[in-house]
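Visitor: I have a model open and want to learn how to read it. Can you take me through it feature by feature?

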Amino acid sequence: MAIIGPNGAGKTVLLKALLGLLPYQGKVRWSPGVRLGYVPQKIAADRQMPIRVRDLLAAKADVLKLHPDSVDAVAAMVDLRKEVLRSGIGVISGGQFQKALIAFALLGEPTVLLFDEPAASLDELAEEKVYEVVERLQRERHLTVLLVSHDLSIVYRAANKVLCVSKDIVCFGAPREVLTPATLEAMYSAPPQFFLHRHGEEPAQASKASEHD
Amino acid sequence: MTEAGTVYSVILAFLFAVAAGLVGSFALMKRMILAADVISHVALPGLGLAFLWHFNPLLGGGATLFLGTLLIWRLQKNETFSTEVSIGVVFAGSVAIGAALTPKEDLVDAFFGTFEQISGLTFLLGVLAVALIVYFIFRYKSALILNLFSPELAAATGIRVNRLNLFFLLTFSLTVLIGLRFMGALLAGALIIIPAATGRRLANSIGIFLLASSLASVLAVGIGFLVTAYVFRSLSIAPAIVMVSALLFCLSLIRPKT
């Protein structure tokens, strides 16, 4: 499921409330035995800290009392190479850092993963790799994924449900039904300028979203 | 008291050094150098009262240290008010109150420490305190690392972040308390911070960092004792230790940063 909405609409707050990191009114009901993994939007981490990627993963494994081998297992799941594990958290690239965070979230075998803009601040190639990992996890491990994203193309591609959050409207449903130009316009209070690329068509014929059904 | 009191005192100084290195490493990563200084200075009013009314300085210092710790903990939780501002106020305020309360002849001892023999009981309590500190650091090492990296992720992992912060501050204060008498309120914090800075220069993994900080701290105390015993006999022990510590830090700068 994807969660979209303009800046300041409360997407991150929603995730944090779901995680119990913020006080909230109302009720959050998870199915019994649910285990949550969380990949935050940005980490204000001091990248100068003398902590290697492996130290960080091992620390979580230790807190959760997991077998030390689980660190290598989650690293393999997201294709984190051995030399990255040995590197300090401050010297690896943004893409690798994001993968490390996903590996971190995967420790403890979560059944639900909460992603807060996992590809923000990544270049396109790194972004694509992160989404590949997310989609693969969804497919192979049957994880439920809650994804906050600004990127409508990934919402179309990876989500079967979408929740829109904004000051004025809240909508919920399948992306192609819910994400009409009218909703998007109401949500962002400005007509979205994006193009929907349909496979099998010439790129030049890609239709503007507002012309699409 | 006998020779044993001196031996106890020296041994406890070395144990303090180990604790200071470990605690300092985490304090450095937590970026609480300022808070660290405040915590040690907050002991001053208590020391002053103890000198004034002739009771055990550790009791007085310990009492105000504890209050100061709770204060810093509260300030850390309160994100709306700038911690630096409140720290600045508390810091200067406690030095002033301490200076006003402490009888003039005891002022130097309270500020810069004094080397004295200690009783078997004080020694035993000191050893116990160091054991507690070392236990805490190693028992909660992983939780502390996660909390350093991201309090949010630590909380999402199920760590009670607020409680952990309080425990860490209490551990920190306990470390200061052990060093309070022989290092003085102004310099007790220095042996927690400077060796950690040295260790940081030399390490790029957490294990090496803890080890290097503790070694730098123990080395500073050792060399400090030797220098005051054999070279500069009129020099007080605490300034000697802190100067050696600073010198070690300068030496660590020679190594290109990794």
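Visitor: How many residues of chain A are in contact with how many residues of chain B?

Guide: This is a predicted model. In it, 18 residues of chain A are in contact with 20 residues of chain B. On the chain A side, helix α2 gives the most, with six residues.

Visitor: Which classes of residue make up the side of chain A that touches chain B?

Guide: That side has 13 nonpolar residues, one polar residue and four charged residues.

Visitor: Where in chain A is confidence lowest, and where is it highest?

Guide: Start with the chain as a whole. The mean pLDDT of chain A is 76. Of its residues, 85% reach 70 or more. Now go element by element. Strand β8 (residues 207-208) is lowest, at a mean of 43. Helix α2 (residues 53-63) is highest, at 88. That is the helix that gives the most residues to the chain A side of the contact with chain B.

Visitor: Over which residues of chain A does pLDDT stay under 50?

Guide: Over residues 203-213. For that stretch the model has 15 contacts beyond four places in sequence.

Visitor: On to the sheet. What is the strand order in the open sheet of chain A?

Guide: First the general idea. Strands of a sheet pair through backbone hydrogen bonds, either parallel or antiparallel. In chain A, six strands form an open sheet in the order β2-β3-β4-β1-β5-β6. The pairing is mixed.

Visitor: Why is one side of β2 and of β6 in chain A left without a neighbour in the sheet?

Guide: Because β2 (36-39) and β6 (170-173) of chain A stand at the edges, each with a single partner strand. From one strand to the next, the twist averages 15°.

Visitor: How many bridges join β3 to β4 in chain A?

Guide: Five, between β3 (residues 112-116) and β4 (residues 144-148) of chain A, and the two strands run parallel. Find A:L114, which stands opposite A:L146 in β4(A). Then find A:D116, whose bridge partner in β4(A) is A:V148.

Visitor: In which sense do β1(A) and β4(A) pair?

Guide: In the parallel sense, over two bridges. Look at A:A2, which stands opposite A:L147 in β4(A).

Visitor: Which strands of the sheet does helix α1 of chain A touch?

Guide: Helix α1 (residues 11-19) of chain A packs on the sheet and touches β1 (2-4), β2, β3, β4 and β5 (162-165) of chain A. Its direction makes about 150° with that of β3(A).

Visitor: Which residues of α1(A) are buried?

Guide: A:K11, A:L14, A:L15 and A:K16. Their cover includes β1, β3, β4 and β5 of chain A. Just after α1(A) comes A:G20, with a positive phi of about 80°.

Visitor: Where does helix α5 of chain A lie?

Guide: Helix α5 (residues 94-106) lies across β2 and β3 of chain A. It runs at about 165° to β2(A).

Visitor: Now chain B. How many helices and strands does chain B have?

Guide: Chain B has 13 helices and zero strands. Its C-alpha trace spans about 55 × 40 × 30 Å along the principal axes.

Visitor: What does the radius of gyration of chain B say?

Guide: Compare the chain with a compact globule. With 258 residues, such a globule would have a radius of gyration near 18 Å; chain B has 18 Å, so the two agree. Of those 258 residues, 49% count as buried. Then check sequence separation. Among contacts in chain B with a separation of 6 or more, 75% come from residues 24 or more positions apart.

Visitor: Last, the backbone. What is the phi of A:K65?

Guide: Near 55°, a positive value in a residue other than glycine. A:K65 sits in the loop between α2 and α3 (69-77) of chain A.

Visitor: Is A:K65 buried or exposed?

Guide: A:K65 counts as exposed, because it has 7 C-beta neighbours inside 10 Å, and the cut-off for exposed is 12 or fewer.

Visitor: Where is B:H54 placed in chain B?

Guide: In the loop between α3 (43-53) and α4 (57-77) of chain B. The phi of B:H54 is near 55°, a positive value in a residue other than glycine. B:H54 is exposed, with 8 other C-beta atoms within 10 Å.

Key. Residues numbered from 1 in each chain as written. Chains lettered and ligands numbered in written order. Predicted model: local features only at pLDDT ≥ 70, side-chain atom pairs only at ≥ 80, totals over all residues. pLDDT = per-residue confidence, 0-100. Helix = DSSP H or I, 4+ residues; strand = E, 2+ residues; numbered from the N terminus. Contact = placed C-beta atoms within 7 Å. Pairing = 2+ DSSP bridges. Axes fitted to C-alpha atoms, helices over the stretch in contact; angles between N-to-C directions. Rg over C-alpha atoms; globule rule 2.2 N^0.38 Å. Buried ≥ 20, exposed ≤ 12 C-beta atoms within 10 Å, placed from the backbone. Nonpolar A, V, L, I, M, F, W, Y, C, P; charged D, E, K, R; others polar.
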